[in-house]
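Visitor: I have just started learning to read protein structures, and I would love some company. Could you take me through one, feature by feature?

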Amino acid sequence: MIETQIKESLQKLKEAIDSADAAGIKQSMGEIDGALIEHRREIHPQLKHFLKNRSYMKALAFLEGEADIPKGRCAGRKDFS
């Protein structure tokens with residue numbers, strides 16, 4: 001399942017960020033972007049939203065089943081004014 005692959009890439013990204021591993025960050029982000037492009041029709045809409053906006057920790061929380069993911073700046077607004 002693609003969500004398992006994305007979750008693993010997000011976990012690797014978090015570890016790479018924590019250890020300041022630039023090559024690991026780049027590789028993980030590439031894997032995530034590639035999965036998003038290749039499997040965009042299979043990915044849950046909320047997860048796709050997080051990935052497209054590079055809200056990677058929110059995406060990881062979503063995949064880990066957390067229910068209380070904080071809303072971002074747009075918070076559902078349509079006008080952005």
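Guide: Let us go through this predicted model together, beginning with the overall layout and ending with single residues.

Visitor: Where do I begin? How many helices and strands does the chain have?

Guide: A good habit is to list the elements in order. Here the chain has four helices and zero strands, and from the N terminus on the order reads α-α-α-α.

Visitor: What share of the residues counts as buried?

Guide: For this we look at relative accessible area, and a residue under 20% is called buried. Of the 81 residues in this chain, 30% fall in that class. Another overall view comes from contacts: among those with a separation of 6 or more, 42% join residues 24 or more positions apart.

Visitor: Let me pick out one helix. Is α4 mostly covered or mostly open?

Guide: Mostly covered: seven of the eight residues of α4 are buried. They are Y56, K58, A59, L60, A61, F62 and L63. The cover over these buried residues includes α1 (2-18), α2 and α3. Just after α4 comes G65, which has a positive phi, near 85°.

Visitor: How do α3 and α4 lie relative to each other?

Guide: Think of each helix as an arrow from N to C, and compare the two directions. The axes of α3 and α4 come within 7 Å and cross at roughly 155°. An angle over 145 counts as roughly antiparallel, so α3 is roughly antiparallel to α4. Their crossing is left-handed.

Visitor: Which residues make that contact?

Guide: From α3 there are Q46, L47, F50 and L51, and from α4 there are Y56, K58, A59, F62 and L63. Sorted by class, this contact has seven nonpolar residues, one polar and one charged.

Visitor: And what about α1 and α4? At what angle do their axes cross?

Guide: The axes of α1 and α4 cross at roughly 130° and come within 10 Å. This helix pair, α1 and α4, is therefore oblique. The crossing of α1 and α4 is left-handed. On the α1 side, E3, I6, K7, L10, Q11, L13 and K14 take part, meeting Y56, M57, A59, L60 and L63 of α4. The residues in this contact divide into eight nonpolar, one polar and three charged.

Visitor: Now for some rings. How many aromatic pairs does the structure hold?

Guide: To find a pair, we check how far apart the ring centres are, then how the planes are tilted. The structure holds one aromatic pair. The ring centres of F50 and F62 are 6.3 Å apart and the planes meet at 70°, so this pair is edge-to-face.

Visitor: Why does that pair tie together separate parts of the chain?

Guide: Look at where each ring sits. F50 is in helix α3 (residues 45-52) while F62 is in helix α4 (residues 56-63), so the pair ties together parts twelve residues apart in sequence. As for F50, its relative accessibility is 6%, so F50 counts as buried.

Visitor: Can we finish with one more residue? Is S28 buried or exposed?

Guide: First place it, then check its accessibility. S28 is found in helix α2 (residues 22-38). With 3% relative accessibility, S28 counts as buried.

Visitor: What is S28 in contact with, leaving aside its neighbours within four places in sequence?

Guide: With those neighbours left aside, S28 is in contact with S9, K12 and L13. Try finding these residues in the view above!

Conventions:
Residues numbered from 1 in each chain as written. Predicted model: local features only at pLDDT ≥ 70, side-chain atom pairs only at ≥ 80, totals over all residues. Heavy atoms only, no water. Phe/Tyr/Trp six-rings, centres within 6.5 Å; stacked < 30°, edge-to-face > 60°. Buried < 20%, exposed > 50% of the residue type's maximum accessible area, 1.4 Å probe, protein only. Axes fitted to C-alpha atoms, helices over the stretch in contact; angles between N-to-C directions. Parallel < 35°, antiparallel > 145°, perpendicular 65-115°, else oblique. Left-handed = near helix turned anticlockwise from the far one by under 90°. Contact = heavy atoms within 4.5 Å. Nonpolar A, V, L, I, M, F, W, Y, C, P; charged D, E, K, R; others polar.
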